[in-house]
Amino acid sequence: MFDLNHIWTDLKAGHPHHVLFGILLGVAFGITARLSMLRTDYRQYPTYPHGRIIHIALGVIAAALGAVAVPAMYKKDFTAITFLTLAAQQFRDVRNMERETLTKIDSMELVSRGSTYIEGIAMVFEGRNYLVILSALLTSLASLSLGLPFGVIMGILSLMLVNRLKSGKSISHIAKAEIAPIVINGPDLLVGDIYIMNVGLKENQKLIAERGLGIILKPYNPNGKATLSNLGQRQAILFDLCTILGVHRDDGEPALVPLAKLDMRDGRLAIFLLPHELDPEKAIKVVQKVPILESAVRMPTEASVNKQEGERQHV
């Protein structure tokens with residue numbers, strides 16, 4: 001049984017064991033949380049090894065700040081808490097750094113991410129540092145107030161919380177993806193019955209007929225329809241498809257550029273691309289796993305006027 005009075009006395013006296021071990025435990029779980037959220041995937045970002053080294057170093061700093069904040073509060077050293085505000089400013093600078101870096105890289109891509117996708121990635125890198133602080137703070141608090149076993153339990157719970165919060169929803173939550181035929185009607189290019197663009201050259205028409213891939217996304221509700229209409233969300237879908245499946249084009253060939261066009265009648269989204277790997281089943285899986293960008297989410301059904309209309313219809 002843990003003697004809280006004894007631990008509190010040790011903390012006030014600056015006893016090295018409880019304080020030091022509690023801080024180290026908080027730092028350890030904070031770093032573990034950052035490592036669990038750090039992954040270089042198909043987007044190749046953060047880069048390996050230097051990009052990952054930068055973010056691991058920032059994770060160590062965030063974990064240390066979160067773990068040290070608890071003994072500072074116990075000793076009523078409230079001025080030490082101001083370092084958390086300085087950390088917040090530094091992490092905002094990290095967000096700006098990521099935004100600038102990705103914007104420069106994006107200009108060299110055959111199919112760009114788009115500013116909305118870049119802002120989403122930058123926001124994620126900032127937010128995950130705050131999750132590291134939260135994990136380290138909760139672990140350190142439980143360890144110093146209740147004991148090391150409770151600190152370990154709280155650390156595990158915080159890792160579960162971090163794992164839950166580190167990723168959002170995907171396209172599969174708002175729309176159904178289906179393969180659609182590529183139709184060339186004279187110079188007009190269509191995916192299913194949705195017009196894409198005008199292709200005049202016979203060579204390009206032949207290439208599109210051989211290698212073209214069409215996908216149609218059917219939104220489940222008005223919220224999904226509004227989200228898919230966002231240009232940034234469409235560009236994110238094209239970028240993920242072309243990154244994983246490849247893209248059969250080079251710079252200066254506008255007729256071969258992947259496109260996503262909206263059907264103005266019902267809100268369906270048609271996607272056209274020329275992948276290196278012509279695999280319809282894999283393309284569907286890729287589209288369904290594209291993340292929904294936070295800044296692209298639209299929820300018109302939550303507007304008060306729409307709720308009032310729905311209530312009147314049920315009367």
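This passage walks through two buried helix residues, a pair of aromatic contacts and a small sheet in a predicted model.

A good place to start is Ser140, which sits in helix H5, spanning residues 115-146. With a relative accessibility of 0%, Ser140 counts as buried, because buried means under 20%. Leaving aside residues up to four places away in sequence, Ser140 touches Gly22, Ile23, Gly26, Ala67, Val70 and Pro71. One of these neighbours, Ala67, deserves a second look: its backbone oxygen lies 3.0 Å from a polar atom of the Ser140 side chain.

Helix H3 (residues 50-74) offers another such residue, Gly59. Gly59 has a relative accessibility of 1% and therefore also counts as buried. Its contacts, again without residues up to four places away in sequence, are Arg34, Asn129 and Val132. Gly59 can also be placed relative to Leu35: the two residues are 24 apart along the chain, and their C-alpha atoms are separated by 8.1 Å.

Attention now turns to the aromatic rings. A pair of aromatic rings is described by how far apart the centres are and by the angle between the planes. Searching the whole structure gives two aromatic pairs. In one of them, Phe91 and Tyr130 meet edge-to-face, with 5.8 Å from centre to centre and 75 degrees between the planes. Phe91 belongs to helix H4 (residues 82-106) and Tyr130 to helix H5, so this pair ties together parts that are 39 residues apart in sequence. Phe91 is buried at 2% relative accessibility, whereas Tyr130, at 30%, is partly exposed.

Tyr117 and Phe239 also form an edge-to-face pair, with 5.9 Å between the centres and 90 degrees between the planes. Here Tyr117 comes from helix H5 and Phe239 from helix H9 (residues 231-245), so parts that are 122 residues apart in sequence are tied together. Tyr117 counts as buried at 2% relative accessibility, and Phe239 counts as buried at 3%.

Finally, there is a sheet to find. Strands of a sheet pair through backbone hydrogen bonds, in either a parallel or an antiparallel way. In this model, three strands form an open sheet in the order E2-E3-E4, and the pairing is antiparallel. Strand E2 (182-185) and strand E4 (194-198) are the edge strands, each pairing on one side only. From one strand to the next, the twist averages 30 degrees. Strand E3, residues 188-191, is joined to E4 by four bridges. For Asp188, the bridge partner in E4 is Asn198.

Conventions:
Residues numbered from 1 in each chain as written. Predicted model: local features only at pLDDT ≥ 70, side-chain atom pairs only at ≥ 80, totals over all residues. Heavy atoms only, no water. Buried < 20%, exposed > 50% of the residue type's maximum accessible area, 1.4 Å probe, protein only. Polar contact = N/O pair within 3.5 Å; in protein donor to acceptor, adjacent residues only side chain to side chain. Contact = heavy atoms within 4.5 Å. Pairing = 2+ DSSP bridges. Axes fitted to C-alpha atoms, helices over the stretch in contact; angles between N-to-C directions. Phe/Tyr/Trp six-rings, centres within 6.5 Å; stacked < 30°, edge-to-face > 60°.
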